[in-house]
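Visitor: I would like to learn how to read a structure of this kind feature by feature. Could you take me through the general idea each time and then through the case at hand?

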Amino acid sequence: MADAEDSPLDCLVIGAGPAGLTAAIYLARFHLRVAIVDAGKSRAALIPRTHNHAGYPGGIPGTELLRLMREQAFQFGAAVRAGCVEKIERDGELFVAGFGEATLRARSLLLAAGVVNNPPKMAPEIHDAALARGLLRYCPICDGYEVTDKKIGVIGSRTRGHDEALFLRMYSRDVTLIAPDGGHALSDAEQARLEEAGVVLRNGPCAPLRINGDRILVQVPDDTLAFDTVYPALGSVIRSELAVMLGAEATDEGCLVVDDHQRTSVAGLYAAGDVAKGLDQISHAMGEAGVAATTIRNDLAAKRPLLR
């Protein structure tokens with residue numbers, strides 16, 4: 001690690017999820033000086049067991065995958081430092097990042113801070129217990145297969161709820177779309193597609209979700225609905241504010257706009273993983289990270305030869 005008075009890092013990575021750790025492994029193996037700062041909020045840590053990640057028959061818990069990736073990064077000299085980066089400023093061509101009482105300077109910066117899912121109404125301890133047991137799930141691309149032919153509830157409205165319910169319909173005939181706050185606010189075409197697919201529509205508002213045995217309960221004004229699993233389709237908060245404060249271009253939702261090499265619109269600032277507009281998948285985030293790390297190395301070398 002480097003303090004402000006030390007020579008600058010070649011790259012500061014913010015976020016130690018699959019994207020940040022993959023990039024750090026690449027960067028360290030390029031013999032670059034790299035530091036990783038992580039606030040401990042990776043969505044991958046919330047996955048009870050991922051079955052989409054190739055190379056792990058039987059799946060692997062998200063926490064174990066992150067542990068192995070941290071260990072691998074550490075083998076090449078890239079250790080994770082706990083902390084929340086609160087501000088980033090420019091000092092000439094350098095980035096200056098502050099977190100707590102520490103300051104790091106770097107020639108380049110990779111933002112891999114990810115996103116935070118908007119949860120449904122429920123007590124935090126019940127939310128975490130439901131998530132660990134697969135009663136609550138956030139990513140149908142990741143684990144829709146695991147709920148094949150199950151009774152599925154989707155909490156959402158408008159186009160987001162429509163799209164998620166239809167996506168899950170290919171896994172089960174028993175899908176119910178529940179509006180979280182009242183009506184669904186669907187277009188006539190969206191409502192017709194859902195009806196044609198056999199998706200049941202229920203109006204909210206929803207009371208806080210509860211667990212009852214091996215079911216998760218969703219209480220609506222006229223009934224209490226029981227499901228094998230519930231998918232919230234309530235959107236997410238993209239942790240791109242640090243980059244946006246530096247002037248980086250972002251979509252209306254907050255995803256950073258990057259080129260084919262993961263460069264943002266700010267020179268020296270790169271983004272990979274869920275914070276950039278993409279698929280929100282571990283494999284995709286890791287691929288973006290490999291591209292970003294290689295681009296960072298090449299861009300740095302174009303300014304100054306990287307010699308041993």
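**Reading the features in turn**

Guide: Let us begin with a single residue, Gly 58, which is found in the loop between E2 and H2. Please keep in mind throughout that this is a predicted model.

Visitor: Is Gly 58 buried or exposed?

Guide: The usual guide is relative accessible area, where a residue over 50% is called exposed and one under 20% buried. Gly 58 counts as exposed, because its relative accessibility is 52%.

Visitor: Which residues does Gly 58 touch, not counting residues up to four places away in sequence?

Guide: With those sequence neighbours left out, Gly 58 touches Arg 49 and His 51. For a sense of distance, Gly 58 and Gly 156 are 98 residues apart in sequence, and from C-alpha to C-alpha they are 31 Å apart in space.

Visitor: Where is Leu 46 found, and how far apart in space are Leu 46 and Thr 159?

Guide: Leu 46 is found in the loop between strand E2 (34-38) and helix H2 (62-75), and with a relative accessible area of 46% it is partly exposed. Leu 46 and Thr 159 are 26 Å apart, C-alpha to C-alpha, and 113 residues apart in sequence.

Visitor: Let us turn to helices. How do the axes of helix H1 and H2 cross?

Guide: Two axes are described by how close they come and by the angle between them, and angles under 35 degrees count as roughly parallel. The axes of helix H1 (residues 18-29) and H2 come within 9 Å and cross at roughly 20°, and therefore H1 and H2 are roughly parallel to each other. The crossing of this pair, H1 and H2, is left-handed.

Visitor: Which residues in H1 and H2 meet?

Guide: From H1 come Pro 18, Leu 21, Thr 22 and Ile 25, and these meet Leu 66, Met 69, Arg 70, Gln 72 and Ala 73 in H2. Sorted by class, the contact of H1 with H2 has 6 nonpolar, 2 polar and 1 charged residues.

Visitor: How do the axes of helix H5 and helix H6 cross?

Guide: The same reading applies here: the axes of helix H5 (residues 158-169) and helix H6 (residues 188-197) come within 10 Å, with a crossing angle of roughly 20°. H5 and H6 are therefore roughly parallel to each other, and H5 passes H6 in a left-handed crossing. On the H5 side the contact is made by Arg 158, Thr 159, His 162, Ala 165, Leu 166 and Arg 169, and on the H6 side by Glu 190, Arg 193, Leu 194 and Ala 197. By class, this contact of H5 with H6 has 4 nonpolar, 2 polar and 4 charged residues.

Visitor: What should I look for in the backbone angles?

Guide: Most residues other than glycine have a negative phi, and most peptide bonds are trans, so departures from either pattern can be picked out for inspection. Arg 158 has a positive phi of about 55° although it is not a glycine; its place is in helix H5, and at 55% relative accessibility Arg 158 counts as exposed. Gln 262 also has a positive phi, near 70°, and its place is in the loop between helix H7 (241-245) and strand E17 (269-271). Gln 262 is buried, with a relative accessible area of 7%.

Visitor: Which residues does a cis peptide bond join?

Guide: A cis peptide bond joins Gly 204 and Pro 205, with omega about 5°. Pro 205 lies in the loop between strand E11 (200-202) and strand E12 (210-212).

Visitor: Finally, how many disulfides does the structure hold?

Guide: A disulfide is a covalent bond between the sulfur atoms of two cysteines. The structure holds 1 disulfide, formed by Cys 139 and Cys 142, whose sulfur atoms are 2.2 Å apart. The link of Cys 139 and Cys 142 is right-handed, with 70° about the S-S bond, and Cys 142 is partly exposed at a relative accessible area of 23%.

Visitor: Why does Cys 255 not form such a bond?

Guide: A pair of cysteine sulfur atoms must lie within 2.5 Å to be called a disulfide. The closest cysteine sulfur to that of Cys 255 is in Cys 139, 14 Å away, which is too far for a bond. Cys 255 is buried, with a relative accessible area of 15%, and Cys 206 counts as buried at 9% relative accessibility.

Notes: Residues are numbered from 1 along each chain as its sequence is written. This is a predicted model: local features need pLDDT of at least 70, side-chain atom pairs count only at pLDDT 80 or more; totals for chains, interfaces and linings use all residues. Side-chain values use heavy atoms; hydrogens and water are left out. Axes are lines fitted to C-alpha atoms, for helices over the stretch in contact, and angles run from 0 to 180 degrees between N-to-C directions. Helices (H or I, at least four residues) and strands (E, at least two) are DSSP runs, numbered from the N terminus. Angles under 35 degrees count as roughly parallel, over 145 as roughly antiparallel, 65 to 115 as roughly perpendicular and the rest as oblique. A crossing is left-handed if the near helix is turned anticlockwise from the far one by less than a right angle, and right-handed if clockwise. Contact means heavy atoms within 4.5 Å. Ala, Val, Leu, Ile, Met, Phe, Trp, Tyr, Cys and Pro count as nonpolar, Asp, Glu, Lys and Arg as charged, and the others, Gly among them, as polar. Buried means under 20% relative accessible area, exposed over 50%, partly exposed in between (1.4 Å probe, protein chains only).
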